[in-house]
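Here is a walk through a two-chain model, taken piece by piece. Have the structure open and follow along.

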Amino acid sequence: MRQEKRSFHIGTLILSALAVLSLPVFIIRYVSGLGAISNLSDGRPWGFWISFDLYCGVALAAGGFTLAAVVYIFNLKKYHPVVRPAVLTAFLGYLLVIFALLVDVGQPWYIWHVIINWNIHSPLFEVAVCVMTYTAVLALEFSPALFERLNWHVPLRIIRAIQIPLVITGVVLSTLHQSSLGTMLLMMPETLNALWYTPILPLLFLNSAIAVGLAMVIFETTLSTRAFGHKLSLDILSGLGRVIPYVLGIYLLLKLVDLGVSGELGLVFTAYPENLLWWAEMIIGVILPIILFSMPTIRQSRKGVFWSAVLVILGLIFNRFNASMLALAMRPGYTYYPHWMEIAISLGLVAIALIVFQIAVRLLPVVHLEESEEKKLERITPDKGVSAEVTNV
Amino acid sequence: MELNRRDFLKLSGASVGGLVLIGLPPPNPKSDLSPSSVADGVEKGVLYDVSKCVGCRACQVACKSWNKLPPDSFGYGGIYENPSELSAKTFTLIKAKEFEINGNKELLFTKYQCMHCKIPACVNACLVGALQKTAEGPVVYDDSKCIGCRYCMVACPFGVPAFEWEKPLPWIRKCTFCVDRLGEGLEPACVAACPAGALKFGNPDDLIAEARERIAAEPEKYIDHIYGEKELGGTSWLYLSPVPFEELGFPILDTEPVIVDVERAMGAVLPMLFGVAAAMTGVYWLIQRRQKRKG
């Protein structure tokens, strides 16, 4: 127990260091321009930030809308304890996306131009509208945690009253947003490799986002409950894991049928070296998780569920990097590898998000186990330290 | 004068607001479309004949001079390509490549600039509508709308729009088709400067007809392909060449405009919005009703 507490502090220290170290890089970017801190060029105008912060960030935030739908629309009360962490992660994830875009966009002080100059034909316009509105929805969805803490009854009652419309709005916006990131890549039929380019890319992006949303909930609740000494019933985690093979199964089927119909299935073997990327993302993020999550022995073990979820997440990160960078042809005569300062910015933002998450979990009722759940836990885990932690928080 | 609290608050609010306004970089009102821009509704194009180009780069110089572009850094293209790529400081560029034609080694030159697509990816991509296709042909750019997201650069199948990477207040830069010269009844600067007759300015239909005549007159001199006539739905700039275009370094492109799949997906947005909203409401209602009956 003591060891766990110490490692937690070291973790916070590392996160703080990353956050502080990124600060000078932010300053250089606004004083000297994007060229000073990045290896981006006319040949590779979008790089690490778009692939990691935007493409992975939005997909990894999908736990918010997936869980909100599961609990409030499908009324599966069992998952209620994990909704708030999922919504908080999504909210912080979207804030991270916004801050990353304020670095990546050339003239962030004119970002409000999007509000007055609409090009409704642009997929990026759809993305921008979804980012703005869904971040607001997530803030409202999470606001009860704050109001409960402050004992503000009136706003709490208002949010409770509009909760269902709010959740439905969130699901609608997420559906549009996750798919619109795929639509954005449809603009590049000539430069995006045929293994990834398909007219159904928006659908594939939505589908994989739902799978990774579930995996993210497993991932982050396992980590946060461990860090704070809680233990979530395994039933919740394995229940989420049970659904993943179905979601990924549909994804696998869509991918294969799509390649088959367009007569490009052979590329899986011939399109060297891109096919290696394709196989890697499919094996790590789709095929292995389908097998693992289908095995009852894996679902019965916390470690099994956790590491299988990690595979889904890694596979998705791989997929988004492939589709938005590695399989997207550069202009001839250019090369690109991320500058360390590009990575420093992203790591700094992630570190800040994780620190805020920790603070929020400490100060606000985020990881709230129901009364009966706590009692049950005390019975299951005789470790006094753990139960003491639970009652403390 | 006595300041009461309210006045003080007002004053400080106004000064903070003023400081914020002053602190913001001044808006750059520069747009390719100026009062002198062409707006006669007559479509314009340029035909470039690779076989006629002598590689003098007068077009490059004229372009720099008309658009008041700063000097660019040297590339690695040797003596014939300088700089080596299009950039925010170089809107047009001559590239050279050695070929063996009828047993003779020959140097062929190719001019690069914005192709001014008829259905441009960049215009569709730009979320704030800073890029526009004019009725006359030029694809023009407006600083005052741009936010610097660079989606136009990613989307362009010809790899043309460039970004001012080294500037803290960067804009997108690319060939303007000299839209401001066209309004004065002038040809684009590069066309006017060409001493070899490799560039011809005119109506795209007339230019295609002329290109066909040139191919028919000297079929051994040209390959039977007018690049830009059908590529991606057509471009306002057209190319003739003695060797296949992919050998010159041009991308082999479909005749279908790049925006077809995007438009279809964007058309599904509203139906999807209402569909998902209705489905979620329906599911919620059904499940609530079932549980009420049960319990």
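Let's start with how chain B is laid out: the C-alpha centres of its domain 1 and domain 2 lie 40 Å apart. Domain 1 of chain B covers 45–255, and domain 2 of chain B covers 259–286. Keep in mind that this is a predicted model.

Some overall numbers for chain B come next. Ten helices and nine strands make up its list of elements. Of its 295 residues, 39% count as buried. If you take the contacts in chain B between residues at least 6 apart in sequence, 62% of them join residues at least 24 apart.

**Strands in chain B**

One open sheet has three strands, in the order β8-β1-β9 (chain B), with mixed pairing. The edges belong to β8 (199–202) and β9 (237–240) of chain B; each has a single partner strand, so one side of each is left without a neighbour in the sheet. On average, neighbouring strands here are turned by 20° against each other, direction ignored.

Look at the pairing of β1 (residues 45–49) of chain B with β8(B): the sense is antiparallel, over four bridges. Within that pairing, B:L47 has B:K200 of β8(B) as its bridge partner.

Then there's the hairpin. Strand β2 (residues 93–101) of chain B runs antiparallel to strand β3 (residues 104–112) of chain B, and the two pair over nine bridges. B:A96 stands opposite B:F109 of β3(B). Two residues sit between the strands of this hairpin, and B:N102 takes a positive phi near 50° there.

**Two helices with a buried side**

Helix α2 (residues 58–66) of chain B has B:C59, B:Q60 and B:C63 buried. Why do they belong to one side of α2(B)? They cover an arc of only 100° around the axis, and that puts them on the same side. The general background is that an α-helix has 3.6 residues a turn, so residues three or four places apart point the same way. What do the buried residues of α2(B) pack against? The partners are β2, β3, α6 (189–193) and β8 of chain B, so to speak the strands we just went through plus a helix.

Helix α9 of chain B has a similar story to tell. Its buried residues are B:D261, B:V262, B:A265 and B:M266. These cover an arc of only 130° around the axis, which puts them on the same side of α9(B). The packing of these residues involves both chains: α6 (123–150), α8 (163–185) and α9 (201–227) of chain A, together with α3 and α10 of chain B.

**Where the chains meet**

That brings us to the contact between the chains, which takes 53 residues from chain B and 50 residues from chain A. On the chain B side, the elements that give two or more residues are α3 (121–125), α4 (151–155), β6 (162–163), α9 (260–267) and α10 (269–294). Which of them gives the most? It is α10(B), with eleven residues. By type, the chain B side divides into 37 nonpolar, nine polar and seven charged residues.

**Backbone oddities**

A few residues of chain B have positive phi values, and they are gathered here.

| Residue | Phi | Place |
|---|---|---|
| B:R57 | about 65° | loop between β1 and α2 of chain B |
| B:K68 | about 50° | just after α2(B) |
| B:L232 | near 50° | loop between α7 (204–217) and β9 of chain B |

Are B:R57 and B:L232 buried or exposed? B:R57 counts as buried because it has 20 C-beta neighbours inside 10 Å. B:L232 is buried too, with 25 other C-beta atoms within 10 Å. Neither B:R57 nor B:L232 is a glycine.

Chain A has a backbone feature of its own to look at: a cis peptide bond joins A:Y272 and A:P273, with omega about 0°. You'll find A:P273 in the loop between α11 (267–270) and α12 (274–294) of chain A.

Finish with A:W152, which lies in the loop between α6 and α7 (153–161) of chain A. It counts as partly exposed, because it has 15 C-beta neighbours inside 10 Å. Between the C-alpha atoms of A:W152 and A:S294, which are 142 residues apart along the chain, the separation is 45 Å.

Key: Residues are numbered from 1 along each chain as its sequence is written. Chains are lettered from A and ligands numbered from 1 in the order in which they are written. This is a predicted model: local features need pLDDT of at least 70, side-chain atom pairs count only at pLDDT 80 or more; totals for chains, interfaces and linings use all residues. Two residues are in contact if their C-beta atoms, placed from the backbone, lie within 7 Å. Ala, Val, Leu, Ile, Met, Phe, Trp, Tyr, Cys and Pro count as nonpolar, Asp, Glu, Lys and Arg as charged, and the others, Gly among them, as polar. Two strands pair if DSSP finds at least two bridges between them. Axes are lines fitted to C-alpha atoms, for helices over the stretch in contact, and angles run from 0 to 180 degrees between N-to-C directions. Domain bounds come from an automatic or database domain assignment. A residue is buried if 20 or more other C-beta atoms lie within 10 Å of its own, exposed if 12 or fewer, and partly exposed in between; C-beta atoms are placed from the backbone. The arc is that of the directions from the helix axis to the C-beta atoms.
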